Amino acid sequence: MDNIYLLIMVALAVLAIADLVVGVSNDAVNFLNSAIGSKAISFRTIMIVASIGIACGAIFSSGLMEVARKGIFNPGEFYFDEIMFIFMAVMITDILLLDFFNTLGMPTSTTVSIVFNLLGAAVAMAFLKIGDEGGNFTDVIQYINTDKALSIITGILSSVVIAFTIGAFVQWVSRVLLSYDFLKKPKWVGAIFGGAALSAITYFILLKGIKGTPFAEQTYDFIGGVKIKDFLETEVYQIVVVNFALWSLISYLFIKFANSNIYKLIIGVGTFALALAFSGNDLVNFIGVPIAAWQSYEAWIASGVPASEFSMEVLSEKVETPTLLLFLSGIVMVVTLWLSKKARYVADTEINLSREGDAKERFQPNFLSRGLVRFSIAVSVWFSSIVPNSWKHAIDKRFQKPVITLSKDKVLQLPAFDMVRASVNLMVASVLISIATSMKLPLSTTYVTFMVAMGTSLADRAWGAESAVYRVAGVLNVIAGWFSTAIIAFIASGTVLALISFGKGAAIAILLFAAVLLLIRNYVSYNKKTKEIKAEDRLRKAESSSIQGVIEESAANIANVVKRSNKIYSNSINGLAKKDLDLLKKNKKQGNKLAMEIEDLREHTFYFIKNLEEAHIGASNFYINAMAHLTDMSQSLEYIGKVSYNHVNNNHKKLKYNQIKELKEIDLKLEEIFDNAQKAFEEKSFEQIGAILSSKQELYDLVSQKIDIQVARTRAEESSPKNTTLYFSLLLETKDLMTAMMNLLEQYYREHDSTVEPARVERK
């Protein structure tokens with residue numbers, strides 16, 4: 001039986017490495033986003049600076065490891081075998097939960113994950129012990145360090161409101177003082193801002209960097225004979241004032257004589273500081289549990305007491321973590337930072353939510369986001385009514401953004417936000433994490449950095465009328481993900497603990513195997529999704545300014561739509577014929593995806609028209625009409641896919657043989673037309689469209705004939721109202737699809753050769 005604990009230690013060591021990998025992938029968003037979003041320095045430089053910060057932070061994180069040992073539960077209430085099962089359940093659950101959120105591209109809190117995993121497993125074990133001993137379940141409080149756990153949870157939750165509010169306030173003040181022309185301000189203005197930002201970040205580095213080292217325990221006469229760590233905590237104002245004066249002077253000299261951008265220096269130092277904070281503050285979340293398990297194992301081996309009788313009171317004592325382990329952990333984190341694609345995917349979520357101007361909106365609005373936006377507008381209107389007009393004009397002038405006349409695609413290549421906002425993000429986050437560290441709270445760096453970024457975005461008026469409802473929905477989705485992390489972690493770790501307690505070694509082996517399979521599945525699924533996105537021939541935005549140019553340029557788009565329309569329609573009919581729910585579900589998603597891409601093209605209409613030269617204004621009518629026809633096609637396909645899926649999903653009767661046969665007949669005719677149209681657009685041989693248009697009446701007659709047959713069938717023999725409704729819906733929507741398709745082909749044919757004027761098909 002004793003061998004099981006050695007195997008557990010091996011498994012925990014492997015899980016620790018895996019947890020470091022998935023943890024860095026999630027938390028890289030915390031320290032990379034401000035630098036990446038502002039594009040103040042090159043990506044390679046950002047990665048080098050962040051890597052150095054991570055390495056330093058890992059070495060200085062020893063003091064926080066006690067959270068995993070005694071921060072959540074009272075170790076003296078558990079025996080060695082129980083503690084090992086708790087740690088095993090926590091690590092299995094934690095790695096799966098973090099990897100799940102990484103795959104979704106959602107930043108979540110590794111601190112919340114580990115805290116609630118520990119809490120859930122400890123509570124579950126406490127209930128099992130109480131049940132075995134026949135005690136009262138209210139005694140669970142004896143097993144949990146309620147005061148410490150409550151203070152941690154309160155600190156994490158309060159950081160959401162505090163970080164957002166302070167971030168918004170500091171950004172508003174900074175923008176009013178600096179405006180968007182911050183680089184044109186007098187040198188002393190940049191020097192003062194640099195002094196304030198760098199002094200805050202430097203104090204943060206000192207507090208985070210020195211406190212975890214033996215150097216912090218030393219006493220020196222020049223600081224009054226006190227320990228370094230005590231001096232840092234008690235003489236805050238003295239340190240900050242001296243730092244401010246020193247950094248202001250350095251900033252002024254840096255600007256005046258080096259003729260350099262002080263904001264780039266702030267962003268570089270701030271990135272280092274947050275990377276150090278992430279590593280120092282969050283390393284406990286990744287390896288704190290395995291190290292606590294290893295120290296427990298050493299104490300148990302030395303005791304010679306049976307595992308079920310050895311009390312874990314030893315974990316209540318302060319034990320230093322070997323520097324070698326911290327150094328090796330830092331290496332794993334740095335390597336992951338450079339290689340992890342998921343880290344970039346998670347970072348994109350926050351950058352797009354805080355982006356200046358328009359972006360590809362990932363989140364859809366909901367009733368709560370709409371309500372909050374309406375409430376904010378009402379508050380803004382009320383506030384404007386009580387503020388003097390002269391003040392409003394002066395403030396609005398400070399928020400006036402520089403005008404950049406570029407096409408839509410080029411706008412998206414610009415920084416997501418400017419260097420002032422990036423500097424404020426880093427400065428405020430550093431200060432807040434410093435305060436939490438001095439209070440010995442394992443503050444969620446994810447919560448702080450994300451909410452600071454959202455607060456500065458709001459204050460900087462990055463969320464305009466065009467994007468506010470989407471951005472607020474995104475923030476609400478991320479926050480909801482945070483709360484779900486806590487709930488899922490608590491329930492899942494408790495469940496895993498119960499399985500391990502009853503199944504012992506066999507349960508651990510099965511759970512580890514299942515965890516490995518899930519991780520591999522997520523990895524394969526993510527890679528497949530990434531490859532599909534890269535390989536997919538997505539619809540491209542038009543940039544030409546003439547009708548002929550738009551025709552040539554959009555040919556690939558039309559060929560793409562025709563090809564995908566053919567596949568979506570055929571899959572709908574085949575799925576109904578076979579009652580294949582999986583095929584219909586995937587097909588429905590493909591229809592929705594095509595509709596979304598066409599909607600993106602429609603949203604590009606504004607930029608397309610703005611960029612047109614006066615001589616080619618007629619191209620706008622062509623583009624608008626083409627988008628209308630594509631939209632009609634996508635709506636018909638989306639509807640066909642939806643009703644087909646719902647019919648099978650609701651377990652309604654299968655369509656009759658004759659109905660399937662008739663639909664197949666239409667599908668074959670449509671497939672021929674789609675294939676010919678695709679070929680014409682791929683080869684840009686638009687004269688071939690004439691032959692396709694000549695067969696349109698035959699196709700309409702075919703569909704009308706099937707409608708008449710179904711009417712007769714309904715009167716004579718049909719007994720299923722659902723089948724009749726579905727069949728008529730498919731025929732009528734097919735007719736609308738063909739009408740939109742023919743109108744699109746006619747438009748291209750007519751504009752390509754103005755001498756040809758075929759009769760226009762009436763749109764629905």
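This report walks through a predicted model of one protein chain, from its overall make-up down to a single residue.

**The whole chain**

Let's start with the big picture. The chain has 764 residues, and 53% of them are buried. Its secondary structure comprises 26 helices and 2 strands. Now think about contacts between residues at least 6 apart in sequence: 83% of these join residues at least 24 apart.

**Two nonpolar cores**

In soluble globular proteins, nonpolar side chains tend to be buried together. In this model, the largest nonpolar core holds 136 residues. Within this core, Leu 12 and Phe 87 touch the most other members. The element that gives the most to the core is helix H10, residues 262–303, with 20 residues.

Which residues does Leu 12 contact, once neighbours within four places in sequence are set aside? They are Met 84, Phe 87, Met 88, Met 91, Pro 290 and Ala 293.

A second core is separate from this one and has 57 residues, including Ile 558, Leu 576, Met 627 and Leu 745.

Here are the two cores side by side:

| Core | Residues in core | Some members |
|---|---|---|
| Largest nonpolar core | 136 residues | Leu 12, Phe 87 |
| Second, separate core | 57 residues | Ile 558, Leu 576, Met 627, Leu 745 |

**A pair of packed helices**

Next, find helix H2 (residues 43–59) and helix H11 (residues 323–339) in the structure. Their axes are 8 Å apart and make an angle of about 160 degrees. Angles over 145 degrees count as roughly antiparallel, so H2 and H11 are roughly antiparallel to each other. Their crossing is right-handed.

Which residues of H2 and H11 meet? On the H2 side you will find Arg 44, Met 47, Ile 48, Ala 50, Ser 51, Ile 54, Ala 55, Ala 58 and Ile 59. From H11 come Thr 323, Leu 326, Phe 327, Gly 330, Met 333, Val 334, Leu 337 and Trp 338. Sorted by type, the residues of this contact are 13 nonpolar, 3 polar and 1 charged.

**A closer look at Ala 126**

Finally, let's zoom in on Ala 126, which sits in helix H5, residues 110–133. Is Ala 126 buried or exposed? Residues under 20% relative accessible area count as buried, and Ala 126 has 0%, so it is buried. Not counting residues up to four places away in sequence, Ala 126 touches Phe 78, Val 140 and Tyr 143. You can also compare its position with that of Phe 137: the two are 11 residues apart in sequence, and their C-alpha atoms are 8.6 Å apart in space.

Key
Residues numbered from 1 in each chain as written. Predicted model: local features only at pLDDT ≥ 70, side-chain atom pairs only at ≥ 80, totals over all residues. Heavy atoms only, no water. Axes fitted to C-alpha atoms, helices over the stretch in contact; angles between N-to-C directions. Helix = DSSP H or I, 4+ residues; strand = E, 2+ residues; numbered from the N terminus. Parallel < 35°, antiparallel > 145°, perpendicular 65-115°, else oblique. Left-handed = near helix turned anticlockwise from the far one by under 90°. Contact = heavy atoms within 4.5 Å. Nonpolar A, V, L, I, M, F, W, Y, C, P; charged D, E, K, R; others polar. Core = buried A, V, L, I, M, F, W, Y, C linked by side-chain atoms within 4.5 Å. Buried < 20%, exposed > 50% of the residue type's maximum accessible area, 1.4 Å probe, protein only.
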